[in-house]
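Me: I would like to learn how to read helix packing and pockets from a model, taking one feature at a time. Could you take me through an example?

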Amino acid sequence: MDREELFKKVAEIISEKLNVPIEDIDEDSHLIEDLGADSLDAFDLVMAFEDEFGVKIEDEEVEKILTVRNIVDLLSKKLKEE
């Protein structure tokens with residue numbers, strides 16, 4: 001899966017979970033400031049990403065996720081490790 005496909009899938013999940021129009025999501029979108037996520041939303045998103053991509057995201061990694069780009073970078077790295 002290339003980065004563009006990964007971003008599209010991540011954006012779909014964020015759009016669905018946060019009820020945000022997909023066209024409002026780009027890699028620079030900040031999860032809290034731009035997309036209105038709270039800590040419970042972040043937990044929900046992490047679980048959705050783990051299920052969708054078959055990866056495990058550690059607690060210390062979750063703390064570093066602030067933007068959509070952070071998510072795409074992390075998932076890209078994890079998918080290459082498999």
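Reply: What follows is a short walk through helix packing, a pocket and a loop residue in this predicted model.

Me: How should I describe two packed helices, and at what angle do the axes of H1 and H2 cross?

Reply: Two packed helices are described by the angle between their axes and by the distance between those axes. Here, helix H1 (residues 3–18) and helix H2 (residues 39–53) have axes that come within 10 Å and cross at roughly 140°. Because angles over 145 degrees would be needed for roughly antiparallel, H1 counts as oblique to H2, and the crossing of the two is right-handed.

Me: Which residues of H1 and H2 meet, and how do the residues of that contact divide by class?

Reply: From H1 come Leu6, Lys9, Val10, Ile13, Ile14, Lys17 and Leu18, which meet Asp41, Asp44, Leu45, Ala48, Phe49, Glu52 and Phe53 of H2. The residues of this contact comprise 9 nonpolar and 5 charged, with no polar ones.

Me: What does the same reading give for H1 and H4?

Reply: The angle between H1 and helix H4 (residues 68–81) is about 125°, and their axes lie 10 Å apart, so these helices are also oblique to each other. H1 passes H4 in a right-handed crossing. On the H1 side the contact is made by Arg3, Leu6, Phe7, Val10 and Ile14, while H4 supplies Val68, Arg69, Ile71, Val72, Asp73, Leu75, Ser76 and Leu79. By class, the residues of the contact of H1 with H4 are 9 nonpolar, 1 polar and 3 charged.

Me: How is empty space found, and how much space lies in the largest pocket?

Reply: Rolling a probe the size of a water molecule over the atoms shows where empty space is left. In this model the largest pocket holds about 190 Å³ of space. It is lined by 13 residues, of which Leu31, Ile32, Ala42, Val62 and Ile65 are the closest to its centre. H2 gives the most to this lining, with 5 residues, and the lining as a whole has 11 nonpolar, 1 polar and 1 charged residues.

Me: Where does aspartate 34 lie, and which residues does it touch beyond its neighbours in sequence?

Reply: Aspartate 34 lies in the loop between H1 and H2. Leaving out residues up to four places away in sequence, aspartate 34 touches Asp28 and Ser29. Its C-alpha atom is separated by 9.1 Å from that of threonine 67, although the two residues are 33 residues apart along the chain.

How values were computed: Residues numbered from 1 in each chain as written. Predicted model: local features only at pLDDT ≥ 70, side-chain atom pairs only at ≥ 80, totals over all residues. Heavy atoms only, no water. Axes fitted to C-alpha atoms, helices over the stretch in contact; angles between N-to-C directions. Helix = DSSP H or I, 4+ residues; strand = E, 2+ residues; numbered from the N terminus. Parallel < 35°, antiparallel > 145°, perpendicular 65-115°, else oblique. Left-handed = near helix turned anticlockwise from the far one by under 90°. Contact = heavy atoms within 4.5 Å. Nonpolar A, V, L, I, M, F, W, Y, C, P; charged D, E, K, R; others polar. 1 Å grid on protein atoms, 1.4 Å probe; cavity = no way out; pocket = protein on both sides within 12 Å on 5 of 7 lines; lining within 4 Å. Points joined across faces, edges and corners; volume = space filled by probe spheres on them.
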